[in-house]
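Thanks, everyone; I would like to walk through one model today, going from overall composition to the sheet and then to the nonpolar cores. Please have the sequence and the structure open while I talk.

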Amino acid sequence: MAEDSTPRPQRRPATPSRKSVLRGALLATGLPLFLGGAPALARNLRPSAGEQLPLTPYCDDGDDPTPPQMEGPYFKPNSPRRSSLIDAGTPGTRLTISGYVFGPTCRPLPNVLLDFWQADVNGAYDNTGYRFRGHQYTDEQGAFKLATIVPGLYPGRTRHVHVKAQAPGHPVLTTQLYFPGEPRNSTDTIFDPALLMTVRPVGAAREATFDFVLNVPHTPPPSPPPGGTWRTGVDYRPGARVEYGGFSYECLQGHLSQPGWEPPNAPALWRRI
Ligand SMILES: [Fe+2]
């Protein structure tokens, strides 16, 4: 199936003063700092020598929400929860993708669902199993890290990684991430330079960084809804906390509980705390 082009969103004009907000927020959350006090964000990683790269979208002066892109034909729900899509025998150039997820006021967003899928080294998608598919959640600092390989080239497309990002209780952002310096970036009608990762070689591997900005309003989180002991037939809301099997769990997505959806069996719905 072909992956068609999609209209590109308009970028809004730059607005000042985001940087100070961001730095204050990061310092408050205890994120690691580089020497000199600059936050250790994806944008601090520079491209390899000689490369002139457009800036990736980061949470700074004039930042925009990360633009959406088409899902494409190969998304599959219910991917495994894992931060590594590879094992020792996986062919391909090792790639890590790391970064942060921010809200529009530059505050890091924890517990954001990030569901990645991509082609294998030959440019093929696994549509029968879950190879090169996996989801994870940002940590308390809004950070994520994925271990994978550099995807092969899918016919007609430039090199890319698909991702869905969803803050708890908010709409899903579906988009794609791109690699700088790819010859097909200039001919792929879907390509958006705002979605370029920063990529640098580390030995034979690659390290990529990208910071997402989700258009999620920053309202004080409501008190967790009452939970108690998990049971069926309950309309659990995000943030609800329950006990099951001697452990505590936090609800990640609102749902009506059903037999078989016990917290240990439904990692997309419940996170052990
Ligand atoms: Fe694709």
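Of the 273 residues in the protein, 34% are buried, where buried means that 20 or more other C-beta atoms, placed from the backbone, lie within 10 Å of the residue's own. I should say at once that this is a predicted model, in which local features need pLDDT of at least 70 and side-chain atom pairs count only at pLDDT 80 or more, while totals for chains, interfaces and linings use all residues. Residues are numbered from 1 along each chain as its sequence is written.

The secondary structure comes to one helix and 15 strands, taken as DSSP runs numbered from the N terminus, with at least four residues (H or I) for a helix and at least two (E) for a strand.

Four of the strands form an open, antiparallel sheet in the order E3-E2-E5-E6, pairing being called when DSSP finds at least two bridges between two strands. Strands E3 (133-137) and E6 (173-178) are at the edges with a single partner strand each, so one side of each has no neighbour in the sheet. Between E2 (residues 113-117) and E3 there are five bridges, and Asp 115 stands opposite His 135 in E3.

Turning to the interior, the largest nonpolar core has 38 residues, and Val 101 is among those with the most contacts inside it; such a core is a set of buried Ala, Val, Leu, Ile, Met, Phe, Trp, Tyr and Cys residues joined through C-beta atoms within 7 Å. Strand E1 gives the most to this core, with five residues. A second, separate core of eight residues includes Cys 251 and Trp 270.

Definitions and conventions
A residue is buried if 20 or more other C-beta atoms lie within 10 Å of its own, exposed if 12 or fewer, and partly exposed in between; C-beta atoms are placed from the backbone.
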